[in-house]
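Subject: Structure handover

Hello,

Please find the structure below, with the sequence. My notes on it follow.

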Amino acid sequence: MGALLDVKGLTVEFATRRGTVQAVKRVDLEVARGETVGIVGESGSGKSVTSYAVMRILDRAGRIADGSVAFSGLDLRAADERGMSDLRGREISMIFQNPRMALNPIRKVGRQIEDVLRRHAIAGSMDARARTIAMLEQVRIANPEERYHAYPFELSGGMCQRIVIALALACRPQLLIADEPTTGLDVTTQKAVMDLVTELTRARGMATILITHDLGLAATYCDRVVVMRQGEVVETAPAAQVFAAPQDPYTRRLMRATPRPGATLRGLLPEGTPAPPAMRAPVAGAGAPLLRVEGLVKEYPRQGTSRTWRQILGGGAPADAAPFRAVDGLSFEIRRGESLGLVGESGCGKSTTSMMVMRLTDPTAGRIVLGEDDIGAIPARRFAASPHRRRIQMVFQDPTDSLNPRFTALRAIADPLMRMGGLKGRDAIRARCEALAELVGLPLDLLDRFPHQLSGGQKARVGIARAIALEPELVILDEPTAALDVSVQAVVLNLLEDLKSKLGMSYLFVSHDLHVVRLLCDRVIVMRQGRIVEAGSAEAVLEAPQAAYTRELIAAIPHPPAGGKAVRASESVADARDPSAG
Amino acid sequence: MRTLARRLVTIVPTLFGVVIVTFLLTRVLPGDPAAYFAGPTADQASIEQIRTALGLDRPLPVQFAAYVRDLATGNLGNALSTGQPVLSELATRLPASAELTLGALILSMAVAIPLGILAAVREGSLIDHACRVVTTAGVSLPVFFTGLLFVYLFYYLLGWAPAPVGRLDVYLSEPPRITGFLTLDSLLAGDLEVVRAALAQLALPAATLALFSLAPIARMTRASMLSVLSSEFVRTARAAGLKPRTVVLTYAFRNAMLPVVTTLGMVFSFLLGANVLVEKVFAWPGIGSFAVEALIQSDYAPVQGFVLAMALLYVALNLAIDLIYGLIDPRVRLDA
Amino acid sequence: MSEIPTALPSLAEPAPPAPARPATGFAAGLGHARHVAASNPITGLAFAMFAAIVLAALLGPVITPYDPLASDTAAALQAPSRAHWFGTDQVGRDIFSRVLVATRLDFIIAVSSVALVFVLGGFAGICAGFYGGWTDRIVSRISDTIMAFPLFVLAMGIVAALGNTVTNIVLATAIVNFPLYQRIARAEANVRREAGFVQAARLTGNSEMRILLAQILPNIMPIMMVQMSLTMGYAILNAAGLSFIGLGVKPPTPEWGIMVAEGAGFIISGEWWIALFPGLALMLAVFCFNLLGDGLRDVIDPQRRT
């Protein structure tokens, strides 16, 4: 018996204003019955487009230019639209990124599952509802009878993804295509969702294609991995082999760039990079406390902001009048030259904390002391004019959003110099900006470009240059690499480390990813529901977590086996390999 | 029911605003309201008399209280031309305007929504281009001009339409007044000849108004259908193999209707305004032409009454639109 | 500091292609506009029509073949001919001359009302969206109250109360358009209030006023410009409509709305040209502004195309 899905020489073209672009080039892909295949690649690798082409749901501008797609021996390229539509949902299903958006916002979720069941004649009008509720039970939704009547906006992101899974598996298809199914979900939710998908598909003997940018996720859940880059397949091999001994140089680079246990910051960079050892230059006054936060509290009134917060709290928040405490009595210290990591899942209050320390939001209670000065006493509205403003700066999460679309890179970097640096004269400003650009590794000819003419990594460098322009004492890094591909993330993290030792700054690094935090930080604080769950040295927290929540958090992170020469390689491989796969 | 009550509370400030604005238009703006209300032929003595009678020599808050009291008792003053109270004049003419506006709205929705859906589903096709031309032309045509073109074409040249002089041929007798809508009343009376004649009179003005309101509805339907069709949940529905018909009608259309329903508020605003112009062109005996006649005679009480009546009508229509929106969208239903 | 501290590898991802030459601000916009005009002939046509309208408004009175106010009862109600391209009206005035001369008045009414509301509505909206709180509540309440009236009806009421002049037509048209501008400006300012680049500007020591003027305003301008072009058409329609029912401009001043009103009575006796030509001029002008608005929208944001 042949493969369930056999894709040969698939080429997909998109008609754009600049002419035809090949998003997928001569891709071969085979999926056997019951097998889980991962398609891994960074943005623009064509991994999603490949799956859309298989399903024939490319948007109007895209078309399959060449190649063949066979499913159970059936030629999908030749199938007519009606035949394809019969196949979709019944034989091949898909689950998508961003589950909340993937559901019809104004139709009850139960009805949406019913629509699929009835479409493929799995259920008639009599038993559709009972089958839907049974399906909801299978995806572990509590109170399925009640949830049947819920609308997507009443459910959490993780719950919505369960509904989408129920919808996809309702008709017992043979192949499930999961397109970044957990991107945007917290790690603990991610683990729950992925475990559920694995369990259900295995019980049904289904084949799965898992499309992801996360090597760790692919390693944990896949039998075979296909690595794609710029529309082409660069490597196809069993998962264990790809991670233990990657053949293609790109795969090797990608492997190295993925933060994982045992990796070092320098180890993320491609082999042969002439990076100097990360020597920590002694900072003047190192070890003395730079920032002291005491009993920090931030409350939000429940009325008015109700909807957003109710979603964060997970649906059934009591409608009492007590204000919601986003940050609940937080105290910590950052010493000069130190990096402190602030880790937690969405809604834990880490971003609110960083906004308060940044003096963009006023705390409800508590003190924020920088050096000797109680900067928490200065209202956020007036802080822009304060002499302390230049001492704390920030690198934002989304490099695109943090740059004014109508300012050039030069103008963005020059802004703090002109406002607070007291720098006058075109030439002086330009010279200083060029020096900063060199410092962050931004080619000088890019300084006159607008943000939309720069890549994500280049925009990140502009944002960093702007933050360090006045040589601040403390820089807050708010998920500075969350929007970047791993290879770019590796470079940016290294850059940040170099800048720190060179300029003697301290970092407050806010992130959801413990592995990334460990690479850059000396100490880590784990937050949950506005409180500190655990604090300690980065190594200690990761290696021997004390709090149950931290242990859960660490266990939920999928990680690829550390490849190559890294320590504990064999052990990690054994851990990560799915015991029942292969 | 609770939603309705809560929504009713929110229109209180709007109504208050409307009353203040009409009060400002009547009493406070430059010019002499007493002279306005006395009419162009009045002499100085009668103007003074009216000034005292209207209480215009008293302080503004007192005037405002008096104005609100007048409104509450339905006293909008008298129309000079007929000597009748403005309120009863408006009441007798309102059905004619309502019949015209509603007829136009139904006509334009019946054409615009299918057109917008088809244009979005077959993007780039002939029907899409047709939709584009119709919508751009529709918003560019002054209604009074289209009305005149229709009259020239269908009455003078082709002779298909009756003379543009009101709601019914003078030789026919009006059916007993029940709803005030001639088409409905004659249907109820079982007089088919009158039904036909009333529809014939209604056709041109309603078509004129419909052509004007068609553009924003079709445009919004097309745009919101396009954005919904490219949304992620429609992709999910497609990937689940749902029939194109189900995807377009059950999934996309209902979501796409939300912005269209909101647009209806704006369409009503246009329609009620354009109504005035169309009534003048077709000598339609509605409240619009009544106001225009009063305007020409510098008889301001009916004009103010007309502005106030239109505003109240429009507030009521917007309320209805909001309620319909709540019926479609569960998100609004739960936390208003 | 002159050397690069660490020889970091160049980024793996490709950068978007660089523009052929470093175009900045206005030049880039103009170049883009030319590109759009070339790739979309309809927008090109709209630009040409706009130029024609401006030319007619500037030169109208100089190039008319007849005096637009001179009556000639001997030549009354003549159909279009070589002598009178658009025919003559009931007192023998040349319609072509009148239509041409009217361009200036209609154009001035539209431009000044739109400019007025652009400044007032835009300013109020940006402040409401950026500062929020009481500013927002008061401004939004004013808009809501205006929006509670059917717009044309409110314009009628305002002109009737203020008096029958061209200035009041401009004022009334501006007032009824106020909510539209205010709401767009408010929404655009509001989404940017907490945007990353605005937060970043706060960190670099910009005062709130400076952020409003230097960071937010330039980003809102393009959308407001599109709105301006789209409402120009509506402003002309509104003014002509008011004139049509006898408000504002008084006869015998040539104005498109009045001229259509004057011709209305002759339609049923077959003298179509009196109403047709001013009506056509009106229609073409509005059509031109609408096309222009759509075209500008494409220049600024291709995704927003509808």
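**A polar contact in chain C**

The side chains of Gln182(C) and Ser143(C) make a polar contact, at 2.5 Å. This comes from a predicted model, as does everything else in this message.

Gln182(C) sits in helix α6 of chain C. At a relative accessible area of 1%, Gln182(C) counts as buried because that value is under 20%. Leaving out residues up to four places away in sequence, Gln182(C) touches Gly121(C), Ala124(C), Gly125(C), Ala128(C), Val139(C), Ser140(C) and Ser143(C). Ser143(C), the partner in the polar contact, is thus on the list of residues that Gln182(C) touches.

**Helix α6 of chain C**

The helix that holds Gln182(C) covers residues 166-193. α6(C) is made of 28 residues, and from its first C-alpha to its last it reaches 39 Å. That is close to the 40 Å expected at 1.5 Å a residue. There is nevertheless a kink of about 40° in α6(C), at Asn177(C). The proline Pro179(C) comes shortly after that kink.

**Chain C as a whole**

What are the elements of chain C? There are 10 helices and 0 strands, so the order from the N terminus on is α-α-α-α-α-α-α-α-α-α. Chain C has 306 residues, of which 54% count as buried. Taking the contacts in chain C between residues at least 6 apart in sequence, 73% join residues at least 24 apart.

**Confidence**

For the complex, the predictor gives an ipTM of 0.84 and a pTM of 0.80. The pLDDT of chain C averages 79, and 84% of its residues score at least 70. Within chain C, which helix has the lowest confidence, and which the highest? The lowest is helix α1 (residues 25-39), with a mean of 58, and the highest is helix α6, at 90.

Two stretches of chain C should be flagged. Over residues 18-25 of chain C the pLDDT is below 50, and the model gives this stretch 6 contacts beyond near neighbours in sequence. The pLDDT is also below 50 over residues 302-306 of chain C, a stretch with 12 contacts beyond near neighbours in sequence. Where pLDDT is low, predicted coordinates should not be read in detail.

**Between chain A and chain B**

How much area do chain A and chain B bury between them? The value is about 2400 Å², with 58% of it on carbon and sulfur atoms. In chain A, the residues that lose the most area to chain B are Arg60(A), Ile106(A) and Phe153(A), which together account for 25% of what that side buries. The contact involves 30 residues from chain A and 25 residues from chain B.

**Positive phi outside glycine**

Two residues are listed here for their backbone angles.

- Gln230(A) is not a glycine, yet its phi is positive, at about 45°. This residue is found in the loop between β9 (224-229) and β10 (232-238) of chain A. With a relative accessible area of 42%, Gln230(A) is partly exposed.
- Ala283(B), also a residue other than glycine, has a positive phi near 50°. Its place is the loop between α11 (244-281) and α12 (287-296) of chain B. The relative accessible area of Ala283(B) is 41%, which means that this residue is partly exposed, between the 20% and 50% limits.

Regards

Conventions. Residues numbered from 1 in each chain as written. Chains lettered and ligands numbered in written order. Predicted model: local features only at pLDDT ≥ 70, side-chain atom pairs only at ≥ 80, totals over all residues. Heavy atoms only, no water. pLDDT = per-residue confidence, 0-100. Helix = DSSP H or I, 4+ residues; strand = E, 2+ residues; numbered from the N terminus. Contact = heavy atoms within 4.5 Å. Buried < 20%, exposed > 50% of the residue type's maximum accessible area, 1.4 Å probe, protein only. Polar contact = N/O pair within 3.5 Å; in protein donor to acceptor, adjacent residues only side chain to side chain. Expected span 1.5 Å × (residues − 1). Bend = angle between axes of the 7 residues up to and from the residue. Buried area = accessible area lost by both parts, 1.4 Å probe.
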